Each structure stands twice: as C-alpha cells, then as structure tokens.
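Here is a friendly walk through one protein chain, written for someone who likes to look at a model with the coordinates open. Please keep the viewer at hand while reading.

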Amino acid sequence: MAKTKSTYRCTDCGHTVAKWVGRCPDCGTWGSMDEAPALPIAVAARPGTSLARAGAAALLPTTPATPLTLVDSRTTHAKPTGIEELDRVLGGGVVPGSVVLLAGEPGVGKSTLLLEVVHRWAQRGSDDRALYVTGEESAGQVRLRADRTGSVHERVFLAAESDLATVLGHIEQVKPTLLVVDSVQTMLAADVEGVSGGVTQVRAVTSALTSLAKASGVPVLLIGHVTKDGAVAGPRSLEHLVDVVLHFEGDKHSTLRMVRGVKNRFGAADEVGCFELTEGGIVGVSDPSGLFLHHRTEEVAGTAVTVTMDGKRPLLGELQALVVPTQNPAPRRAVSGLDAARVAMVLAVLERRCRLPLGKCDVYASTVGGMRITDPAADLALALAVASAARERPLPPGTVLLGEVGLAGEVRRVTGAGRRIAEASRLGFGRAIVPHELAQAGRRTSRPPASDGGPIEVGNVGQALAALGL
C-alpha cells in the first residue's frame, strides 16, 4: 500500500509546499501554512475494477444520495428580517441554516444594525427568539445601546461570552431561531492552538458555527473586522466558508450607510441597501436619491445631475464645478468624490475638442452629499458642469445627463439605460441628454423620460454643449 506524504497548504492562496515554512512563498502571509495529508498515488481503475484494487478506500455513507427531484426546496425559503433594505441585499431575507458575514470599519454601525435585526426577529412571533453573543462589549453596554435605539425585547437573549464552548452551551439552553456573533475575531476555541483573532482560531470558530447552522437550521449572522485596506480580516477561506458576505460602508462625516453584497449563494451579489444612522438607531432609506441632490430655488452655474448605478440600484447624483481664473503657472485641480484621473481626462477633452480655455484656470469638481461616483456614465455631466461654470451659464432645470466621454470627444452608451432614465423621470426630470444608443432604450421604458417628446440625442460633447446653449 502506498505511503501518504504530508504537505503544507496556505489557507489564504492555496499554495502547497513540501516542508513547513512560517511565511507563504506565494502570497507572503505569515502563519497560514497548515498540514494537509496528501492522498496516496493510485493507478487509474479500469471499468469493473474494485476501489480496493485501485488503491482507494471506500466507506459506506450514513445518508444515501437523494435524487434531485425529491429534495424539498421549501426548506431554503428566505425569512424576512423586517428591515427591507437588508432583505433586498440578502435576496429576500435570511435562509435557514445560512451563515452571513457582515464586515465593516469600526464605528460604522454594524452592531447597531444587527441589534435592530434581532429586535425585529423577536417581534415576528412567540416561537421566534434571538441570541446575541458579544465578545467585545459587556452586557451593560449592549443594553444601553438597545435602550437608545428601542431594541429591547423579552425574546432577545444576550450573552457576553468569548469562549466557543460556552457559546454552544448558551445555544443549547436558549434554542434560538437566530444567532448573532459580535464578532467572530473575538471568539476563542480552547482546543485549537493560536491566539484569539488569529488565522487558525478564526477558521476553527467559523467552521464550528457553520456546522452548527447546517445541522440545526438556525441562521447565523457574524460580524467581522476589516483590515486597513478595507478587506475582511482573517484568512481568505473565511469568505469561502460562509454563504453570504456583506460589506457595511459609510463615511464618518456622513450619516449615510450602505450595505453592499459581495457574495450571496441565495441571490444577486451586486445589490445595495441604503441606511441612515441617526441618534435613535439606524433606519432604511428606500429612496436615497434625494440625499445626493441639492434642492435650490434659483439656478446656479456649474451644477449638473446624472444617474449612477450602484449595483442594480439607480441613484441620482449632483456634480458641482467651479472654474476660477488664476495667475499661477500650474493651475490647481481639486477633486472631491470623483476619480481625479477621470476628471483630468474630461478637462483635456473639453480644452482640446471643444476649444474651452481651461489652461489658465483653477478647476474644482465635487459631488453633493458625500456621494462617491466612479461610474463612467457621469463623464458627460462632469463635462457640462465644467462648461457651465466656465461660461457662467446655468443648465436648464430638470435636465439629467448620461454618457461616457471618450478621448475623441464622442459620447458613448452606458449600461442600465432603461432603469437610469426611468428613475430620473420618476423624480421629475423632464429632459435627458443621452447618446444615440440610449435614446432608443429610453423610449422602450414604460415611463417616458421626457415630457417634451423624449430624450435629446447627442454624438459628442460639442453637440451636448450646443443642445444646452453652451
């Protein structure tokens, strides 16, 4: 019988070496090499040859394989959490036996959101109870937050524990229908080597909680830390073990928070949920477009409105530009909320293709409401905002601009045209400046985007400037 030879595999990148090393030679991660016994090399079995003669051992399965037609799909139906914006990202709610990882920066509101989730879950019925396990805060601190946000309920159970065995004991006593662990990096398995939050400990704790969820059917929500680069802290295998990975994002200077789906085995992985963090807790924002628009009574030069796609969700955003003549030999280019390289390209196109003199002017470009726009569809709105500021002529009210600008000055089509134009029409924008291809897509929508006959088609930036009198 062939001998088995142990190898060592990196838990982050999967690189395999023959001898143990402290640092992975491929990805450079420290302490990620784990022993993985290699299977014995066996000769391929011919048809009719037994597995024993082929060099493989066969075990009698405890549960026979089931035909796919006999598998009950009703057991995986999602249960709503009661928070519509979170259910949108999850694909309708939490699935029994699923494991959801919610990652985000400190102070963004992860604990506040999941405390609201367990409160809504307990209100569903007398048979639904939630267990909130915290390893970072005391029970008194969690109670203070619950009092402040109005999340106190008799069927919400709280356990301030960090030992995995004790947490499993609490689960046996409470028998919850929803489990929240805050956070997975603070949990410690006593029978596993390594410090709390280390690669080995995080993987062991997540594996144990995943096995518990699959065996009992109790959905588990895990809070995870992030690194300084914004990635989920811990081994890369952590994201492979769970069913859903969500990123909780938000600017510390703004009350807007977004839950972005990164991985979802039960629904779309590009959905986005919007929330607003207030003194009384966190609330969902079903129509966030109004947060990124400045409602003014008079027309101002240098402002333009576009529609961006964040996942599958169309959001209206306002771009502002200011052009100031300067005697400085190196004019300043200040950008906030936009891609600086993209802004520089649009300015070069305006100066070269549209003969707009910007070489002796300071140009400032920004978004409204702390919105971050990286969608190329905002190029045309940026170009028109800069031209409006340079000419000191405001754009006509109720105008939305869509299109990607190329180096030749052409206006290219963008994805999701129908949803973008329909969202602008819903919010009262009666005129749309779009590329030739988008005009046909806009006419196919059930709600026409313009009340004066349809969108205005343009082929390049010069035609867009002429259409708006610039």
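## Two helix pairs, a binding site and some unusual backbone

Leu164, Leu168 and Ile171 of helix 5 meet Val205, Ala208, Leu209 and Leu212 of helix 6. Before going further, please note that this is a predicted model. Helix 5 covers residues 164-174 and helix 6 covers residues 199-216, and their axes come within 11 Å and cross at roughly 15°. How are the two helices oriented to each other? Angles under 35 degrees count as roughly parallel, and helix 5 and helix 6 are therefore roughly parallel to each other. The crossing of helix 5 past helix 6 is right-handed.

**The chain as a whole**

Stepping back, the chain holds twelve helices and 21 strands. It has 470 residues, and 45% of them count as buried. Its accessible surface comes to about 23,900 Å², with 53% of that belonging to carbon and sulfur atoms. Among contacts in the chain with a separation of 6 or more, 66% are accounted for by residues 24 or more positions apart.

**A second helix pair**

Now to helix 8 and helix 9, whose axes come within 10 Å and cross at roughly 60°. The contact between them is made by Arg342, Val343, Met345, Val346, Leu347 and Leu350 of helix 8, together with Asp379, Leu382, Ala383 and Val386 of helix 9. Their angle falls neither under 35 degrees nor in the range of 65 to 115 that counts as roughly perpendicular, and helix 8 and helix 9 are therefore oblique to each other. Here too you can check the handedness: helix 8 passes helix 9 in a right-handed crossing.

Two residues of this contact deserve a look of their own. Valine 346 sits in helix 8, which spans residues 340-353. Is valine 346 buried or exposed? Buried means under 20% relative accessible area, and valine 346 has a relative accessible area of 1%, so it is buried. Setting aside neighbours within four places in sequence, valine 346 is in contact with Asp379, Leu382 and Ala383. For one of these partners there is also a C-alpha to C-alpha distance: valine 346 and leucine 382 are 7.6 Å apart in space and 36 residues apart in sequence.

The other residue is aspartate 379, found in helix 9. Aspartate 379 counts as buried because its relative accessibility is 2%. Which residues does aspartate 379 contact, leaving aside its neighbours within four places in sequence? Arg342, Met345 and Val346 are on that list, and so are Gly403, Glu404 and Val405.

**The annotated binding site**

An unreviewed UniProt entry places the feature "binding site" at Gly104, Glu105, Pro106, Gly107, Val108, Gly109, Lys110 and Ser111. Glutamate 105 is found in the loop between strand 4 (99-104) and helix 3 (110-122). Glycine 107 has its place in the loop between strand 4 and helix 3. Glutamate 105 counts as partly exposed, because its relative accessibility is 48%, while the exposed limit is over 50%. With a relative accessibility of 68%, glycine 107 counts as exposed. Not counting residues up to four places away in sequence, glutamate 105 touches Lys110, Val226 and Phe248.

**Backbone geometry to check**

If you inspect torsions before using a model, three spots are listed here. The peptide bond from aspartate 182 to serine 183 is cis, with omega near 0°. Serine 183 is found in the loop between strand 7 (178-182) and helix 6. The other two spots have a positive phi in a residue other than glycine, and the table sets them out.

| Residue | Phi | Location | Relative accessible area |
|---|---|---|---|
| Arginine 355 | about 55° | loop between helix 8 and strand 16 (361-367) | 63%, exposed |
| Glutamate 392 | near 60° | loop between helix 9 (379-391) and strand 17 (399-401) | 60%, exposed |

Both entries bring us back to the second helix pair: arginine 355 lies in the loop between helix 8 and strand 16, and glutamate 392 lies in the loop between helix 9 and strand 17.

Note on methods
Residues are numbered from 1 along each chain as its sequence is written. This is a predicted model: local features need pLDDT of at least 70, side-chain atom pairs count only at pLDDT 80 or more; totals for chains, interfaces and linings use all residues. Side-chain values use heavy atoms; hydrogens and water are left out. Helices (H or I, at least four residues) and strands (E, at least two) are DSSP runs, numbered from the N terminus. Buried means under 20% relative accessible area, exposed over 50%, partly exposed in between (1.4 Å probe, protein chains only). Contact means heavy atoms within 4.5 Å. Accessible areas come from the Shrake-Rupley method with a 1.4 Å probe; for residues, only the protein chains shown count as cover. UniProt positions are given in the numbering used here, feature names are shortened, and annotations may be inferred rather than shown by experiment. Axes are lines fitted to C-alpha atoms, for helices over the stretch in contact, and angles run from 0 to 180 degrees between N-to-C directions. Angles under 35 degrees count as roughly parallel, over 145 as roughly antiparallel, 65 to 115 as roughly perpendicular and the rest as oblique. A crossing is left-handed if the near helix is turned anticlockwise from the far one by less than a right angle, and right-handed if clockwise.
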